[in-house]
Amino acid sequence: MPTIRLLSAAETHTAIPDLCEVLADCVNGGASVGFMQPYSPADAEPYWRGVAEAVADDATLLFVAELHGKIVGTVQVGAAQMPNQPHRGDLKKLLVHRSARGHGLARLLMEAADREAARRGKTLLVLDTATGSDAEAIYPRLGWQRVGVIPDYALWPEGGFCATTLFYKQIA
C-alpha cells in the first residue's frame, strides 16, 4: 500500500538521497523536467538542496510517494507567489520512478497536492509539461484544463527541442 506524505524541511534533507534517485531515473528515462542526460543522482543533489531550502521558507510544498518504505515518487507545489497572486500555486516536478509506475502514485500525489494547496487558500493551480510526453496524458484525467502549446519551449533530456503544454485546474 503506497503512502503519500508532505515533507518538512528536516524530512526533505533526510530524503535527498532517495529524491536524487527518483529524479535521475526520470531524466534518464526521458522526462523533460529541466535537466539533460546523462544525469546521475549526484547531479541531482544541488537541485534537491535548493528544494529543501524552499520547503524551509514555506515557498514550496513537497510531497512524496513511498512504497515499502522507500520514496519512489514526488510532486511539488510552488506556494510563494507575487502579491497579486496569493490564490495561485505552481505544480512542479511530478516524478515517479520507472520501477514504481502502474500503482496510481501520480494520481495519489496530485490529489494530495490539490488538498493541501486548497487547505492553504490556493484556488488555482497551473503547470506545464512536455507536449507529447507520457505525463501530458495524465493531467486531463485528473481534471486539468489544457490551455495551449508553446513550441520549442525546452530541450528533451537527450537533446532536440520540445514544445510544452500549459494546464490549469481550479481547486477548493
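Strand 2 and strand 3 run antiparallel and are joined by eight bridges in this predicted model. Within that pairing, Val 64 sits opposite Thr 74 of strand 3. The hairpin made by strand 2 and strand 3 has two residues between the strands, and in it His 68 adopts a positive phi near 55 degrees.

Strand 3 also has a partner in strand 4: five bridges link this pair, again an antiparallel one. Here Gln 76 has Lys 92 of strand 4 as its bridge partner. Eight of the nine residues of strand 3 are buried, so the strand is largely enclosed by the rest of the structure.

Here are the two pairings, side by side.

| Strand pair | Bridges | Direction | One facing pair |
|---|---|---|---|
| Strand 2 and strand 3 | eight | antiparallel | Val 64 and Thr 74 |
| Strand 3 and strand 4 | five | antiparallel | Gln 76 and Lys 92 |

Now to the nonpolar interior. The largest nonpolar core holds 26 residues, and those with the most contacts inside it are Phe 63, Val 75, Val 77, Leu 91, Met 110, Tyr 139 and Trp 144. Two or more residues each are given to this core by strand 2, strand 3 (70-78), strand 4 (88-96), helix 3 (105-119) and strand 5 (124-130). Helix 3 supplies the largest share, with seven residues. Beyond its neighbours up to four places away in sequence, Phe 63 touches residues including Val 75, Val 77, Leu 109, Ala 112 and Ala 113.

Apart from this core lies another, of 21 residues, and Ile 16, Val 55, Leu 62 and Ile 71 are among them. In soluble globular proteins, nonpolar side chains tend to be buried together.

Leu 62 deserves a visit of its own. This leucine belongs to strand 2 (residues 60-67). How buried is Leu 62 in terms of relative accessible area? The value is 0%, so Leu 62 counts as buried. Once residues up to four places away in sequence are set aside, the contacts of Leu 62 include Leu 6, Leu 19, Trp 48, Val 51, Val 55 and Val 75. One of these, Val 51, is eleven residues from Leu 62 along the chain, with 8.2 Å between the two C-alpha atoms.

A charged residue rounds off the tour. Asp 25 is part of helix 1 (residues 9-28). With a relative accessible area of 12%, Asp 25 is buried, because the cut-off for that label is under 20%. Which residues does Asp 25 contact, leaving aside neighbours within four places in sequence? They are His 97 and Arg 98.

Notes. Residues numbered from 1 in each chain as written. Predicted model: local features only at pLDDT ≥ 70, side-chain atom pairs only at ≥ 80, totals over all residues. Heavy atoms only, no water. Helix = DSSP H or I, 4+ residues; strand = E, 2+ residues; numbered from the N terminus. Buried < 20%, exposed > 50% of the residue type's maximum accessible area, 1.4 Å probe, protein only. Contact = heavy atoms within 4.5 Å. Core = buried A, V, L, I, M, F, W, Y, C linked by side-chain atoms within 4.5 Å. Pairing = 2+ DSSP bridges.
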